[in-house]
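This briefing goes through one structure by topic: burial, strand pairing, the main pocket and the cysteines. Please keep the sequence and the model in view while reading.

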Amino acid sequence: MMKDKTFKVGRNDPCPCGSGLKFKKCCLDIGGVEPINLKKLYTQKYKIRFKKEQDIEGIKRAGRLVIDTLNLVEAEIRPGITTDDINTLVHEFTIQNNAIPATLSYKSYPKSVCVSVNEVICHGIPRKRVLKEGDIVNVDVTPILNGYYSDASKTFFVGTPGSEAKKIVRVARESLRRGRSMVRPENTIGDIGWAIQKYAEGEGCSVVREFVGHGVGFEFHEPPQVPHFGKKGEGIDLVPGMVFTIEPMINLGQRYLTVLEDKWTAVTKDGSLSAQFEQTILVTANGFENLTPFDL
């Protein structure tokens, strides 16, 4: 069982929430006099719900179902199948494993998975679109198992990829790896976005800013938000027991997007390729634990 850590903070010290203000000008009224309980402060100020040992085990079990689902999809990805075929596969496998697809009917989303092809950044609604040789396709899976949510996605090649497809998938994969490597208690949420942005832009790609990572576990989307861009040292401090996704969406061209008339499907404004990898991450006392582990 993880114990709540207390910190001694003086009135004129920087507030541990990462606001940049002095403690007396920020969270003193929440935290009271020193020492303060940082987890209690975060829950009151940011609505962050920390996960205990039994919660982490529940999210891990849901995470294993996510990985099994993605592996099943990967085995079926080939030219000629439709994005709706992928939806059927994910839906039936989720139900067979006594889970519920989190996306189905979420804010009126009509399907059990998001399937985003080529220029589609995210939230692609499965339809009759046929996958073709050389396409790339992101499959984003979120089941609810015994009340716990876990969330991950991978971008797959359809047949033999071209050079641009290889590049954007490589950069998106490495972006997640770089962001994930910044997760440890002495760092901030801003460090994650800084690492991703620095790498992706250094490769001549761009980072989508309208969609971010998020807390997950008890609900589909919880605080905190985790931008994939930012400045080193900014944002709230990372604290053991926080669980959130890191899911950088990386464009081969410019970062700008358009949301289609279905109010879900986000596409690159310049028509360039976009790729994404996502995992659910737990902050631990010494770094992080991947709750949806797959090789990057």
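A residue is called buried here when its relative accessible area is under 20%, and exposed when that area is over 50%. The model is a predicted one, and every value below was computed from it. With that cut-off in hand, helix 5 can be read residue by residue, and the same term then serves for a strand, a loop residue and two cysteines.

**Helix 5**

- Helix 5 covers residues 163–180, 18 residues in number, and spans 26 Å from its first C-alpha to its last, which is close to the 26 Å expected at 1.5 Å a residue.
- The buried residues of helix 5 are Ala165, Ile168, Val169, Val171, Ala172, Glu174, Ser175, Leu176, Gly179 and Arg180, a list in which Glu174 and Arg180 appear beside residues such as Ile168 and Leu176.

**Strand 6 and its partners**

- Six of the six residues of strand 6 (residues 136–141) are buried, and the strand is therefore largely enclosed by the rest of the structure.
- The burial of strand 6 applies to both of its faces, with Ile136, Asn138 and Asp140 on one side and Val137, Val139 and Val141 on the other.
- Strand 6 pairs with strand 4 (residues 114–117) in the antiparallel sense over four bridges, and within this pairing Val115 has Val139 of strand 6 as its bridge partner.
- Strand 6 also pairs with strand 9 (residues 152–157), again in the antiparallel sense, over six bridges, and here the bridge partner of Asp140 is Ser153 in strand 9.

**A three-strand sheet**

- An open sheet is formed by three strands in the order 10-14-17, with antiparallel pairing.
- Strand 10 (206–207) and strand 17 (274–276) stand at the edges with a single partner strand each, so one side of each has no neighbour in the sheet.
- The pairing of strand 10 with strand 14 (residues 249–251) is antiparallel and runs over two bridges, with Val207 standing opposite Ile250 of strand 14.

**The largest pocket**

- The largest pocket has a volume of about 510 Å³, and its lining is made up of 25 residues, of which Tyr106, His123, Phe211, His214 and His221 lie nearest the centre.
- Strand 11 (213–215) and strand 12 (222–226) are the elements that give two or more residues to the lining of this pocket, and strand 12 contributes the largest share, three residues.
- Sorted by class, the lining of the largest pocket holds 10 nonpolar, eight polar and seven charged residues.

**Cysteines**

- A search of the whole structure finds zero disulfides; Cys122 is in none, and the nearest cysteine sulfur to its own, that of Cys114, is 7.6 Å away.
- Cys122 counts as buried because its relative accessibility is 5%.
- Cys205 is likewise in no disulfide, the nearest cysteine sulfur being that of Cys122 at 17 Å, and Cys205 is buried, with a relative accessible area of 6%.

**A loop residue**

- Ala102 is found in the loop between strand 3 (100–101) and strand 4, and this residue is buried, with a relative accessible area of 8%.
- Ala102 and Ile59 are 43 residues apart along the chain, and their C-alpha atoms are separated by 14 Å.

Definitions and conventions. Residues are numbered from 1 along each chain as its sequence is written. This is a predicted model: local features need pLDDT of at least 70, side-chain atom pairs count only at pLDDT 80 or more; totals for chains, interfaces and linings use all residues. Side-chain values use heavy atoms; hydrogens and water are left out. On a 1 Å grid over the protein atoms alone, a cavity is a set of points where a 1.4 Å probe fits but cannot get out, and a pocket is an open set with protein on both sides within 12 Å along at least five of seven lines; lining residues have an atom within 4 Å of a point. Grid points are joined across faces, edges and corners, and a volume is the space filled by probe spheres set on the points. Ala, Val, Leu, Ile, Met, Phe, Trp, Tyr, Cys and Pro count as nonpolar, Asp, Glu, Lys and Arg as charged, and the others, Gly among them, as polar. The expected span of a helix is 1.5 Å times one less than its number of residues. Buried means under 20% relative accessible area, exposed over 50%, partly exposed in between (1.4 Å probe, protein chains only). A disulfide is a pair of cysteine sulfur atoms within 2.5 Å. Two strands pair if DSSP finds at least two bridges between them.
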